[in-house]
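Please open the structure in your viewer and keep the sequence beside it, so that each selection can be followed in both places. The tour goes step by step, with a short stop at each selection.

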Amino acid sequence: MQHALSLAARAEALGEVPVGAVVVLEGEIIGEGWNQPITACDPTAHAEVMALRAAAKQQGNYRLPEAELFVTIEPCTMCAGAIIHSRVRRVVFAATEPKAGAVVSNANVFDQEGMNHSVNYRSGVCELEATTQIQAFFKRRRQEAKAARKERQARSSE
């Protein structure tokens, strides 16, 4: 999870929402990713999807049945679906995501009947670090937006 947190910082440095993910197989990282939808102009370039793509390519197989995915924030519906389709064995996420989280916060995708694969999951690993990281990011963005509004107002009143 520590490596995923460092990848989240990488996303933040690019101006992306700080989310990082790693895919681990037999104790070894086989794929990593960080949020890149803005920089890649790709709405599917979430950290989990990027990590799954890298792991699948490294393994030469789109299915990763013995792999574990570690991610700093609870996966969204899209990412939960990708996790199911890749047959990942287990997902460990740090912080819940009350608005878009689809594992425990909202849709509970992994617990839906009729899914063609069952994913084990655990939450709360390094939760404080991940929560602090993402909250600081959004606080800073709100402050920057407020400063930009004030600057525009000052220029328009001149």
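**A walk around one strand**

N108 has its place in the loop between β4 and β5, and this residue is a convenient point at which to begin. Keep in mind throughout that you are looking at a predicted model. With N108 selected, look at its backbone: phi is positive, about 50 degrees, although the residue is not a glycine. Most residues other than glycine have a negative phi. Is N108 buried, partly exposed or exposed? N108 is partly exposed, because its relative accessible area is 25% and the partly exposed class lies between under 20% and over 50%.

Next, select strand β4, which covers residues 90-95. This strand is mostly covered, since five of its six residues are buried.

Now add strand β3, residues 68-73, to the selection, and you will see that β3 and β4 pair in the parallel sense over five bridges. To look at one position in this pairing, pick F70, whose bridge partner in β4 is V92. Then show helix α3, residues 77-86, together with the two strands, and you have a right-handed β-α-β unit made of β3, α3 and β4.

Which strand is joined to β4 by four bridges? Select β5, residues 120-123, which runs parallel to β4 and is joined to it by those four bridges. Here the residue to pick is F93, whose bridge partner in β5 is S123.

From the strands, move to the loop between α3 and β4, where you will find R87. Its phi is near 65 degrees, a positive value in a residue other than glycine. R87 counts as buried because its relative accessible area is 15%, and the cut-off for that class is under 20%.

For the last stop, return to the loop between β4 and β5 and select H117, which has its place there. H117 also counts as buried, because its relative accessibility is 19%, and buried means under 20%. Which residues does H117 touch, if those up to four places away in sequence are not counted? H117 touches I84, R87, V88 and R89. To finish, display the atoms of R87 and H117 together, and look for the backbone oxygen of R87, which lies 3.3 Å from a polar atom of the side chain of H117.

How values were computed:
Residues are numbered from 1 along each chain as its sequence is written. This is a predicted model: local features need pLDDT of at least 70, side-chain atom pairs count only at pLDDT 80 or more; totals for chains, interfaces and linings use all residues. Side-chain values use heavy atoms; hydrogens and water are left out. Buried means under 20% relative accessible area, exposed over 50%, partly exposed in between (1.4 Å probe, protein chains only). Two strands pair if DSSP finds at least two bridges between them. A crossover is right-handed if, with the strands pointing away from the viewer, the path from the first strand over the helix to the second runs clockwise. A polar contact is a pair of N or O atoms within 3.5 Å; within protein, one must be able to donate a hydrogen and the other to accept it, and residues adjacent in sequence count only if both atoms are side-chain atoms. Contact means heavy atoms within 4.5 Å.
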